[in-house]
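Please take a moment with the sequence and the structure shown here before reading on. The paragraphs below are meant for a reader who meets them for the first time.

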Amino acid sequence: MLRLKRIGISTGRENVAFLSRACPTYRAAAFEGQGKVEVLAGAKRLVATLDIVDDPAILPPDCLGLSEETFDRFGQLDGSETRLDHPHPPKSRDALHAKIAGRELDEACFRAIIDDIAHHRYAKVEVAAFLVACGSFMTTAETLALTRAMAAAGEALHWPDAPLVVDKHCIGGIPGNRTSMIVVPIVAAHGLPMPKTSSRAITSPAGTADTMEVLANVEVDLDRMREIVAEAKGCLVWGGHVKLSPADDVLISVERPLNLDTREQMVASILSKKKAAGSTHLVIDMPVGPSAKVRSAEDAARLRKLFEYVGDAIGLTLRVTISDGSQPVGRGIGPVLEARDVMAVLENQPDAPPDLRERSLALAGRILEFDPTLRGGAGMARAQELLDSGAALRQMHRIMELQGKPPRVARLGTLSREVVADHDGRVISIDCYRIARIARLAGAPFDPGAGIDLLKKVGDGVQAGEPLYRIHAEREVEFRFACGLAAEASGYAINGNGKDCI
């Protein structure tokens, strides 16, 4: 037997075990060829990638090390006894190989693959092969089967006292589009339950969970989430903490570095989590623009039909809203700045970003239309009434109080620099992808106060030397990275003096 040891190394969603080359019990070379090992303690079993350690100061010969996340998943005490075995191939290996070979799979095959992915039985390279295969060839029926499999793989929420449970989701790609934090308190103030689980950023400057964490705790368990919704009719929590559709988190961690984002995988990812969350009615916000995820009206129409087909098949009443994805929404990009914009809208401040307010009202209105007690077409007016009266703000404060204080006080980054126009003209476009990348380099969302404060939007006139936006950062190195990228190209196109500048 070996003694279990937590190794202070983060390996993300991949299980990694560490074995000393000088281990007296197990010959390290016997496992090196497979690259994986099965870790056992009582009835607990865990498959992990195996790394060999030569330095006894890192790992004593009689110990088995587990990375931080792997140790937590295994759920055993530091120093407890464990043993090793050669890993058994995942039961879905044949199905995985069939998909890689281009064959169509049935729902049973997808359930087996997703179960093995959710339990970390595949290495990242194998998950990547699955994603690439699905991106190369996947039928509509397979998309439905994958959605069902992903929804069934984790926890499932049920709301027996609420026959109608609403939700919304934006497919992403537009910085600053933090409408959920305004829509949820509006809808909850009306009385419709809206248990919103949101993601953290992976490649963007902020996810809804990152921004909400500036204002309140977002890491609540399922029982507490139910209590909050029972009291406030809504919540804004991190979905990863409540383990809804856990295979999706593994898939996302692999597909984002590879820049894989197929229509089929997007639909399965979004709808599986909504189904697992117990939602019955859903509004999808689909921004369309030259640097958004969806670039054309034709692509939007095809994606809308796929959402509707799968949504109908899994019992979701679903509406898709096409929105303007030509530029960032609001003014702030990064958790602190986006939270500022959200609260400005909820507080009805006169300088609140009008585009963020209008988008949020439109989406809230569509959701409120699900309420059978509202007359047709009355949703938008009801949403505006709840926002203007302060009812939505009061509901947001109630949700924040119930979720608890944020884990740390987040302040705007102290390092700042303005990016200015080099000639007179008018802003004709803003590259969402580049602006998001600059904000990310500045440190967002890891430093909540890092990001970009937009001072000009599309259609605004500018003069040479006038600021377009302001970069905020907390760390000198990241500040230099962001400013350097902005100096290469600001992401703004300005039409004037017979030329365009980007």
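What follows goes from the nonpolar core to a buried glutamine, then to the aromatic rings and a sheet.

The structure is a predicted model, and its largest nonpolar core is a good place to begin, for this core has 65 residues, and those with the most contacts inside it are Ile186, Val187, Met212 and Leu346. Several elements give two or more residues to this core, including the helices α7 (180-190), α8 (208-212), α14 (335-346) and α17 (391-403), together with strand β9 (234-238). Met212 can serve as an example: apart from residues up to four places away in sequence, Met212 touches Met181, Val218, Leu236, Met396, Ile399, Met400 and Gln403.

The last name in that list leads to a residue in helix α17. Is Gln403 buried or exposed? Its relative accessibility is 4%, under the 20% limit, and Gln403 therefore counts as buried. The side chain of Gln403 reaches the backbone oxygen of Asn217 at 2.7 Å. When neighbours within four places in sequence are left aside, the contacts of Gln403 include Met212, Ala216, Val220, Ile228 and Cys235.

The aromatic rings come next, and the structure holds three aromatic pairs. In one of them, the rings of Phe110 and Phe130 have centres 6.4 Å apart and planes at 65°, and because an angle over 60 degrees counts as edge-to-face, the pair is described in that way. Phe110 belongs to helix α4 (residues 107-118) and Phe130 to helix α5 (residues 124-136), so the pair ties together parts that are 20 residues apart in sequence. Both of these phenylalanines, Phe110 and Phe130, are buried. Another aromatic pair, formed by Tyr469 and Tyr492, is tilted, with 5.6 Å from centre to centre and 35° between the planes. Since Tyr469 lies in strand β17 (residues 467-473) and Tyr492 in strand β18 (residues 492-496), this pair ties together parts that are 23 residues apart in sequence. Tyr469 and Tyr492 are buried as well.

Strand β17 also has a place in an open sheet of four strands, whose order is β12-β15-β17-β13 and whose pairing is antiparallel. At the edges stand β12 (332-333) and β13 (415-420), each with a single partner strand, so one side of each is left without a neighbour in the sheet. Within the sheet, strand β15 (residues 451-454) runs antiparallel to β17 and is joined to it by four bridges, and Gly451 stands opposite His472 of β17.

Terms used: Residues numbered from 1 in each chain as written. Predicted model: local features only at pLDDT ≥ 70, side-chain atom pairs only at ≥ 80, totals over all residues. Heavy atoms only, no water. Core = buried A, V, L, I, M, F, W, Y, C linked by side-chain atoms within 4.5 Å. Buried < 20%, exposed > 50% of the residue type's maximum accessible area, 1.4 Å probe, protein only. Contact = heavy atoms within 4.5 Å. Phe/Tyr/Trp six-rings, centres within 6.5 Å; stacked < 30°, edge-to-face > 60°. Polar contact = N/O pair within 3.5 Å; in protein donor to acceptor, adjacent residues only side chain to side chain. Pairing = 2+ DSSP bridges.
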